[in-house]
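Me: Please take a close look at a single part of this model and place that part in the setting of the whole chain. I would like one connected account rather than a list.

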Amino acid sequence: MFDAIVGGHLCLDLFPEMPYLPLESLAIPGKLYEIGQLGVATGGAVSNTGLALHRLGVNVGLMSSVGDDLVGRAILDVLRARDPRLVELITVSAGTSSSYTVVLSPRGSDRVFLHFTGNNATFTASDLDPAAMRGTRIFHLGYPPLLPRLVENDGAGLTKVFKLAHKSGAATSLDMTLPDPNSDAGQVDWRRVFKNALPHVDIFIPSIDEALFTLRRPDFERWKGNAIDAVTLPYLREFAAELLAFGPAIVGFKLGHRGVYLKCADESRLARLRPGGLRLPESDAAEVYHRAYQVDVQGTTGAGDAGYAGLIAALLRGESIQTAASWFCATGACCCEAHDAASGVLSLYDTLSRIAAGWKLRSDTL
């Protein structure tokens with residue numbers, strides 16, 4: 001029995017070191033560039049949030065699948081080396097290719113991702129194990145834009161997943177990734193998907209860009225990737241009300257270097273979390289904004305996923321939504337101190353000790 005299960009997208013991340021290669025060089029054909037060694041780590045929401053929860057001391061299961069290929073074996077080996085129990089709920093799909101991402105980090109530029117969806121393209125509710133989910137307190141699913149079978153037919157598959165999780169007695173949580181505008185996910189009517197699925201989702205905290213792309217595309221285009229610095233507290237408050245109207249109990253927005261914003265529904269809707277044993281003291285209709293913690297940023301891969309793990313860990317321990325916001329920002333900040341999505345995350349004890357020692361907040365605020 002696991003206290004939390006993370007399902008959905010799982011892949012292998014490849015990080016070639018390229019500290020001296022500028023972004024514009026990648027557009028010049030016919031040249032060879034020397035780069036550094038290759039970093040290898042598991043990626044996707046299942047790995048990023050799941051391993052962060054594991055590092056925080058949560059009894060977590062990872063529920064996904066890999067192909068029967070070299071990449072799939074590498075994914076299982078990496079996870080098994082961390083804890084053999086982490087692979088107990090991962091199945092091997094015969095005759096399929098596993099998913100991978102090449103993460104390019106050119107000098108002085110944000111990351112560029114080259115992603116192969118692989119067997120994630122066939123992920124459906126049938127990949128979940130209802131027996132293993134019984135007794136789980138929270139089920140978290142990540143990256144539906146990279147799980148096409150879940151979002152087709154206006155999200156019928158996604159809705160089925162969360163109905164299944166609720167039937168098992170678990171609270172439910174959904175995380176997003178930004179759809180590629182040129183992919184099928186970029187053409188999905190996400191408002192219709194959310195209308196069908198979010199009544200069965202208890203916790204929904206996308207990044208502000210993910211929320212804008214899926215629900216307020218004109219604002220997404222207007223701010224041209226600078227939404228984090230453009231949004232105001234009144235704007236987030238009104239946008240959060242729109243998300244709550246779909247049905248979740250807790251919504252919010254990841255705001256990168258500006259922290260996180262969270263908004264709770266009223267007590268009657270928060271009561272949906274209690275079958276999973278989750279308690280949120282003094283959270284009735286609460287609104288929380290927490291600034292990001294100061295760190296020497298080495299990379300931002302998986303920071304939002306790690307932050308989500310901090311929030312889930314807080315909810316599992318019965319902390320307030322204010323404390324959950326602090327843990328969200330702290331775990332996400334720790335993640336940024338490493339190039340990959342997992343090695344920077346600290347134990348819960350070390351994370352809380354860092355906060356208690358007077359960990360400074362960034363000056364960026366709403």
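**Helix α1 and its setting**

Reply: In this predicted model, 74% of the contacts in the chain between residues at least 6 apart in sequence join residues at least 24 apart. The chain has 13 helices and 14 strands, and its radius of gyration of 19 Å is close to the 21 Å that the globule rule gives for 366 residues, so the chain is as compact as a globular protein of that length. Along its principal axes the C-alpha trace spans about 60 × 50 × 40 Å, and 55% of the 366 residues count as buried.

Within this setting, helix α1 covers residues 44–55. Its 12 residues should span 16 Å at 1.5 Å a residue, and because the end C-alpha atoms are indeed 16 Å apart, the expected and computed spans agree. With buried taken to mean under 20% relative accessible area, 10 of the 12 residues of α1 are buried, so the helix is largely enclosed by the rest of the structure. The buried residues begin with Gly44, Ala45, Val46, Ser47 and Asn48, and continue through Thr49, Gly50, Leu51, Ala52 and Leu53. After α1 comes glycine 57, which has a positive phi, near 90 degrees.

Turning from the helix back to the surface of the whole chain, the accessible area comes to about 15,300 Å², and 52% of that surface belongs to carbon and sulfur atoms. As for charge, the chain carries 34 positive and 39 negative charges, whose mean positions are 4 Å apart.

How values were computed. Residues numbered from 1 in each chain as written. Predicted model: local features only at pLDDT ≥ 70, side-chain atom pairs only at ≥ 80, totals over all residues. Heavy atoms only, no water. Helix = DSSP H or I, 4+ residues; strand = E, 2+ residues; numbered from the N terminus. Rg over C-alpha atoms; globule rule 2.2 N^0.38 Å. Buried < 20%, exposed > 50% of the residue type's maximum accessible area, 1.4 Å probe, protein only. Contact = heavy atoms within 4.5 Å. Areas by Shrake-Rupley, 256 points an atom, 1.4 Å probe, with all protein chains shown as cover. Lys, Arg positive; Asp, Glu negative; His and termini not counted. Charge placed at Lys NZ, Arg CZ, Asp CG, Glu CD. Expected span 1.5 Å × (residues − 1).
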